[in-house]
Amino acid sequence: MKFITEMELRDLYQKGPFTTYALESSVKITPGARQFLVDRGIKLVQAQSNDGVSTCQTRGKEDHALKSWCLQRLRHKMESLESLFLLMTAELVMSGDAMLAEEVIDLGKCFRNVKHAELQGIPPDPIKFWEWSEEEIKNCADNLVKLLEINEFHARLANGKTVTVLNYLRASLSELEPAILEAYWVEEQEACSRQDLIDNVGVIINILCIMMWKCLGGQKCKP
């Protein structure tokens with residue numbers, strides 16, 4: 001099962017605004033993506049399926065096996081991301097930005113907590129960064145996302161490596177939402193049973209957006 005996320009819709013909308021979005025019958029839309037469409041007055045329509053085959057026919061043992069594979073893929077992805085935090089920290093240290101490297105280390109610890117929460121089946125700890133609450137971080141980052149379309153121009157800046165390193169980490173983290181949805185989607189409830197993991201990953205992504213904004217010389221955010 002494929003999921004359309006808010007990040008994917010934002011990227012699509014930046015390439016060219018649209019007023020209607022057609023959703024294939026085999027595709028689900030995340031709550032964040034649905035709210036993105038509502039906020040912009042974009043009409044969500046269901047595309048017609050041509051094969052006429054009910055998805056119920058694919059359930060049973062195959063569905064159980066698919067869930068198992070999705071969970072395994074999610075955990076491998078989390079392990080890869082935990083290693084990526086360490087790699088990016090080393091890159092920042094080599095670039096001479098020790099202070100930012102320490103912040104990335106602290107952010108990596110926040111992600112490690114999310115990873116352990118998934119493995120243990122418990123809620124992750126609330127994230128508090130720069131002495132800001134999660135809500136303060138979200139409020140600050142919401143206005144920055146549309147200003148942070150990183151491209152080759154930013155890579156040529158004096159601190160271009162730092163910006164692109166942070167952006168790569170942000171983009172890699174954004175791949176987790178559909179992976180969590182695939183592993184923990186409850187068809188009967190039309191909802192994800194581990195939305196708490198998605199929310200915490202979203203906070204980490206927001207923090208990275210604020211870090212990038214600061215590196216690009218943006219005005220200091222206010223919580």
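Trainee: Does Glu118 count as buried or exposed, and at what relative accessibility?
Mentor: Keep in mind that this is a predicted model. Glu118 sits in helix α4. The cut-off for buried is under 20% relative accessible area. Glu118 therefore counts as buried, at a relative accessibility of 2%.

Trainee: Which residues does Glu118 touch, not counting residues up to four places away in sequence?
Mentor: Leave out the sequence neighbours up to four places away. What remains for Glu118 is a list of contacts: Leu71, Leu74, Arg75, Met78, Tyr184, Arg194 and Leu197.

Trainee: Where in the protein is confidence lowest, and where is it highest?
Mentor: Start with the whole protein: its mean pLDDT is 83, and 86% of the residues reach 70 or more. Among the low values, pLDDT stays under 50 over residues 51-62, and the model has two contacts beyond four places in sequence for that stretch. By element, the lowest mean is 79, in helix α6 (residues 152-155), and the highest is 94, in helix α4.

Trainee: How many helices and strands make up the secondary structure of the protein?
Mentor: The protein has 223 residues, and 39% of them count as buried. Its secondary structure comes to nine helices and six strands.

Trainee: Among contacts between residues at least 6 apart in sequence, what percentage joins residues at least 24 apart?
Mentor: Set aside contacts between residues closer than 6 in sequence. Of the contacts left in the protein, the share that joins residues at least 24 apart is 72%.

Trainee: How do the axes of α7 and α8 run relative to each other?
Mentor: Take the distance between the axes: α7 (residues 160-174) and α8 (residues 176-184) come within 5 Å. Their axes cross at roughly 15 degrees. Angles under 35 degrees count as roughly parallel. So α7 is, relative to α8, roughly parallel.

Trainee: Which residues make the contact of α7 with α8?
Mentor: By class, the contact has three nonpolar, two polar and one charged residues. From α8 come Leu176, Glu177 and Pro178, and from α7 come Ser172, Leu173 and Ser174.

Trainee: How many of the residues of α8 are buried?
Mentor: The buried residues of α8 include Ile180, Leu181 and Tyr184. Glu177 and Glu182 are also buried. The helix is mostly covered, and the count for α8 is nine of nine.

Trainee: And how many residues of α7 are buried?
Mentor: Among the buried residues of α7 are Val163, Val165, Leu166 and Leu169. Asn167 and Arg170 are buried there too. α7 is mostly covered, and the count is 11 of 15.

Trainee: How far does α7 reach from its first C-alpha to its last?
Mentor: α7 has 15 residues. At 1.5 Å a residue, 21 Å is expected. The reach of α7 is close to that, at 21 Å.

Trainee: What is the phi of Trp130?
Mentor: Trp130 is found in the loop between α4 and α5 (134-142). At 24% relative accessibility, Trp130 counts as partly exposed. Trp130 is not a glycine, yet its phi is positive, at about 55 degrees.

Trainee: What is the phi of Glu190?
Mentor: The loop between β5 (185-186) and β6 (191-192) holds Glu190. Glu190 is partly exposed, with a relative accessible area of 45%. Although Glu190 is not a glycine, its phi is positive, at about 50 degrees.

Trainee: What separates the C-alpha atoms of Ile42 and Phe18?
Mentor: Ile42 lies in the loop between α2 (31-39) and β4 (43-46). At 8% relative accessibility, Ile42 counts as buried. Ile42 touches Phe18, and also Tyr13, Thr19, Thr20, Tyr21 and Leu37. Ile42 and Phe18 are 24 residues apart along the chain, and their C-alpha atoms are separated by 7.2 Å.

Trainee: How much relative accessible area does Glu6 have?
Mentor: Glu6 belongs to helix α1 (residues 6-15). Beyond four places in sequence, Glu6 touches Thr30, Gly32, Ala33 and Phe36. The C-alpha atoms of Glu6 and Thr30 are separated by 7.2 Å, with their places 24 residues apart along the chain. Glu6 is partly exposed, with a relative accessible area of 26%.

Terms used: Residues numbered from 1 in each chain as written. Predicted model: local features only at pLDDT ≥ 70, side-chain atom pairs only at ≥ 80, totals over all residues. Heavy atoms only, no water. Axes fitted to C-alpha atoms, helices over the stretch in contact; angles between N-to-C directions. Helix = DSSP H or I, 4+ residues; strand = E, 2+ residues; numbered from the N terminus. Parallel < 35°, antiparallel > 145°, perpendicular 65-115°, else oblique. Contact = heavy atoms within 4.5 Å. Nonpolar A, V, L, I, M, F, W, Y, C, P; charged D, E, K, R; others polar. Buried < 20%, exposed > 50% of the residue type's maximum accessible area, 1.4 Å probe, protein only. Expected span 1.5 Å × (residues − 1). pLDDT = per-residue confidence, 0-100.
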